[in-house]
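Let us walk through this structure together, starting with the chain as a whole and then moving to single helices and residues. Keep the 3D view open as you read.

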Amino acid sequence: MKKFLWFHDLFLIIIGAFILAFGIYEIHSLSGVTEGGVLGLALLFEHHFDLSPAISSLIMNIICYGFGLKILGKKFLISSAIATPVFSLSYRLLELTPPIFPEIYNYPLVACIIGAIFVGVGAGLCVKAGGAPTGDDALAMGFSSLLKVKIERIYLLSDLTVLLLSLTYIPLKRIVFSVITVILSGKIIGIINKK
């Protein structure tokens, strides 16, 4: 029975990481709808301090994964060690293909809703299986476990904080769509992870 559960979790992580990468690449990266969490902070640091997201996101992700490991243990580490490279590889493979929705920038409301579905389902499946494809997920999982608070509330708080800071360089019109997407994706993650 344990072996079946491991394959089930592995399947959820692989499918979830691909769905997440698809949503970020095909929807959010083309639409101008930004994310909260580590990605949003990395973009903020790049804009204000000319610090490459390659460096800042790496540092922030290491900190978040360290926190998650301390709180969630060995299964988290193994699951995340699968989820993270599958997400990165999926994203890289998607970059090698032409965008499916090249005009999505012109439809920010549609982009924020569809993007939220992909991000919510993708991250939700990975988190349900115990893995974090990104540092944001590790942070949310760790704080949710530590504080006994619903995971969608942790996502919402961290994402809204980053989005508020992003108002220093992103127009309010675009931030409104980003707020909608993080609220919806957090709700979807919470629904998928209901016990």
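Accessible areas here come from the Shrake-Rupley method with a 1.4 Å probe, and for residues only the protein chains shown count as cover. By that method the protein chain exposes about 10,300 Å², and carbon and sulfur atoms supply 75% of this area. Please keep in mind that this is a predicted model, in which local features need pLDDT of at least 70 and side-chain atom pairs count only at pLDDT 80 or more, while totals for chains, interfaces and linings use all residues. Residues are numbered from 1 along each chain as its sequence is written, and side-chain values use heavy atoms, with hydrogens and water left out.

What does the overall fold consist of? The protein chain has 8 helices and 0 strands, where helices (H or I, at least four residues) and strands (E, at least two) are DSSP runs numbered from the N terminus. Read from the N terminus, the order of elements is α-α-α-α-α-α-α-α. The C-alpha atoms fill a box of roughly 50 × 35 × 30 Å along the principal axes. The radius of gyration, taken over C-alpha atoms, can be compared with a globule rule of 2.2 Å times the number of residues to the power 0.38. For 195 residues a compact globule would come out near 16 Å, and the protein chain agrees because its own value is 16 Å.

Two further totals fill in the picture. Buried residues make up 45% of the 195 residues; buried means under 20% relative accessible area, exposed means over 50%, and partly exposed lies in between (1.4 Å probe, protein chains only). A contact means heavy atoms within 4.5 Å. Among contacts between residues at least 6 apart in sequence, 80% join residues at least 24 apart.

The charges come next. Lys and Arg count as positive and Asp and Glu as negative, while His and the chain ends are not counted; each charge is placed at NZ of Lys, CZ of Arg, CG of Asp or CD of Glu. The protein chain has 15 positive and 11 negative side chains, and the centres of the two sets lie 15 Å apart.

Now to the helices, starting with α2 (37-49). The expected span of a helix is 1.5 Å times one less than its number of residues. The 13 residues of α2 should therefore span 18 Å, and its end C-alpha atoms are indeed 18 Å apart. Its buried residues are G37, V38, G40, A42 and L44, and they pack against α3, α6 and α7. After α2 comes D50, with a positive phi near 55°. Most residues other than glycine have a negative phi. D50 sits in the loop between α2 and α3 (53-72) and is exposed, with a relative accessible area of 71%.

Helix α6 (135-147) also has 13 residues, and its ends are 18 Å apart, which agrees with the expected 18 Å. In α6, the buried residues are G135, D136, D137, A138, A140, M141, G142 and S144. Their cover includes α2, α3, α4 (74-95), α5 and α7. α6 is followed by K148, whose phi is positive, near 55°. K148 lies in the loop between α6 and α7 (151-166) and is exposed at 70% relative accessible area.

Helix α5 (residues 108-128) holds L125. Is L125 buried or exposed? At 16% relative accessibility, L125 counts as buried. Leaving aside neighbours within four places in sequence, L125 is in contact with L12, I15, G16, I19 and I192.

Further along, I170 lies in the loop between α7 and α8. I170 is buried, with a relative accessible area of 15%, and beyond its neighbours within four places in sequence it touches T34 and I175.

We finish with α8 (residues 172-192), which has 21 residues and reaches 30 Å from its first C-alpha to its last, close to the expected 30 Å. Its buried residues include R174, I175, S178 and T181. K173, also found in α8, counts as exposed at 68% relative accessibility. The C-alpha atoms of K173 and A17 are separated by 29 Å, with their positions 156 residues apart along the chain.
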